[in-house]
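Visitor: I would like to go through this model with you, asking at each step what a given term rests on. Please set each value against its cut-off before you conclude.

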Amino acid sequence: MLEVHDLHVAYGAVQALRGVSLEAGAGSITAVLGANGAGKTTLLRAISGLVRPRAGSVRLEGEELNGVPVEEVVRRGVGHVPEGRGIIQELSVEENLRLGGLWRSDRADRRRALVEVFELFPVLAERRRRPAASLSGGERQMLAIGRALVGRPRLLLLDEPSLGLAPLVTARIMALLRELTQRHRLAVVLVEQNARSALSIADVAVVLNLGQVAVADAAAVVAADSDLRHHYLGF
Ligand SMILES: Nc1ncnc2c1ncn2[C@@H]1O[C@H](COP(=O)(O)OP(=O)(O)OP(=O)(O)O)[C@@H](O)[C@H]1O
Ligand SMILES: [Mg+2]
């Protein structure tokens with residue numbers, strides 16, 4: 001589904017990504033792990049066209065995304081749940097969700113997708129008329145994921161969905177991600193500081209270090225390698 005090849009991104013003199021390659025297949029979760037500043041957010045931003053890579057390619061089902069405008073990347077099926085979640089506080093829960101599908105012309109399916117998100121996250125259905133600002137951290141994370149899902153992505157990019165959440169809420173969101181990935185045959189790229197949670201649901205793990213891929217292997221292999229865990233993941 002997704003093929004990233006030899007991606008280089010710089011912010012002025014700062015080389016944030018230095019030749020990153022990875023693949024993510026339909027129905028699978030790729031965890032992207034690594035320390036603060038390793039380049040995880042930059043990788044997601046480069047895939048969705050929010051920053052322009054200096055070199056390299058990003059292909060979605062064989063089609064090049066590098067150089068394609070952000071709105072067209074969304075149209076081609078990339079949903080991005082950004083760091084900090086990017087929901088609009090003043091709008092209601094339902095308005096935020098509707099925004100996620102506004103660009104799609106199939107109105108009937110937009111409605112269906114909204115109903116599906118309410119089934120997936122009943123707490124959002126209960127609070128649909130409330131302003132997003134009134135939600136708890138976990139509910140906001142559900143709203144941010146729900147908004148991406150209303151756009152019916154093929155590739156879902158998630159930047160630290162567990163940030164600031166209680167362990168039980170994190171576990172619930174991780175379990176839902178696993179289920180969604182299978183049900184919709186999504187390709188998921190999951191950026192996480194919480195390596196333990198991410199490895200528990202991921203198929204593949206990619207560890208970034210100073211803008212380069214330090215490790216890429218099956219998630220179970222990475223989780224079982226205590227040296228590697230201590231060295232890069234701090235547990
Ligand atoms: N807008 C920017 N301008 C300049 N430098 C930036 C910018 N965004 C990120 N960087 C730098 O690029 C590098 C990678 O940052 P990035 O945000 O991708 O890391 P990260 O792995 O997501 O870190 P974290 O775990 O803290 O979220 C860091 O050195 C960071 O300081
Ligand atoms: Mg980040």
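Guide: Let us start with accessibility, keeping in mind that this is a predicted model.

Visitor: Why is Thr-41 called partly exposed?

Guide: The relative accessibility of Thr-41 is 22%, and buried would require a value under 20%, exposed a value over 50%; Thr-41 therefore counts as partly exposed.

Visitor: And why does Glu-83 count as partly exposed?

Guide: Glu-83 has a relative accessibility of 44%, and because the class of partly exposed residues lies between the 20% and 50% limits, Glu-83 belongs to it.

Visitor: What makes Thr-41 and Glu-83 donors of the magnesium ion (ligand 2)?

Guide: The cut-off for a donor N, O or S atom at this metal is 2.8 Å, and the atoms in question, OG1 of Thr-41 and OE of Glu-83, lie 2.0 to 2.6 Å from the magnesium ion, so both qualify under that definition. The pair links distant parts of the chain, 42 residues apart, with Thr-41 in helix 1 (residues 40-47) and Glu-83 in the loop between strand 6 (78-81) and helix 3 (93-99).

Visitor: Why is helix 1 described as largely enclosed by the rest of the structure?

Guide: Of its 8 residues, 6 are buried, so the description follows from that count. The buried residues in helix 1 are Lys-40, Thr-42, Leu-43, Leu-44, Ala-46 and Ile-47. Just after helix 1, Gly-49 takes a positive phi of about 85°.

Visitor: Turning to the domains, which parts of the chain make up domain 1 and domain 2?

Guide: The domain assignment gives 1-77 + 154-163 + 179-235 as domain 1 and 83-152 as domain 2. Their contact takes 14 residues from domain 1 and 10 residues from domain 2, while the centres of the two domains, taken over C-alpha atoms, are separated by 24 Å.

Visitor: How much area do domain 1 and domain 2 bury between them, and on which atoms?

Guide: About 1000 Å² is buried between the two domains, with 61% of it on carbon and sulfur atoms. On the side of domain 1, Arg-75, Pro-161 and Leu-180 supply 32% of the area buried against domain 2, more than any other three residues.

Visitor: How many salt bridges and polar contacts are found between domain 1 and domain 2?

Guide: The rule finds 0 salt bridges across the interface, whereas the count of residue pairs in polar contact, both at pLDDT 80 or more, is 1. Helix 2 (70-75), strand 7 (155-159) and helix 7 (167-183) each supply at least two residues of the side of domain 1 that touches domain 2, and the largest share, 3 residues, comes from strand 7.

Conventions:
Residues numbered from 1 in each chain as written. Chains lettered and ligands numbered in written order. Predicted model: local features only at pLDDT ≥ 70, side-chain atom pairs only at ≥ 80, totals over all residues. Heavy atoms only, no water. Donors = N, O, S within 2.8 Å, 3.2 Å for Na, K, Ca; no water. Helix = DSSP H or I, 4+ residues; strand = E, 2+ residues; numbered from the N terminus. Buried < 20%, exposed > 50% of the residue type's maximum accessible area, 1.4 Å probe, protein only. Domains from an automatic or database assignment. Contact = heavy atoms within 4.5 Å. Buried area = accessible area lost by both parts, 1.4 Å probe. Salt bridge = Lys/Arg side-chain N within 4 Å of Asp/Glu carboxyl O. Polar contact = N/O pair within 3.5 Å; in protein donor to acceptor, adjacent residues only side chain to side chain.
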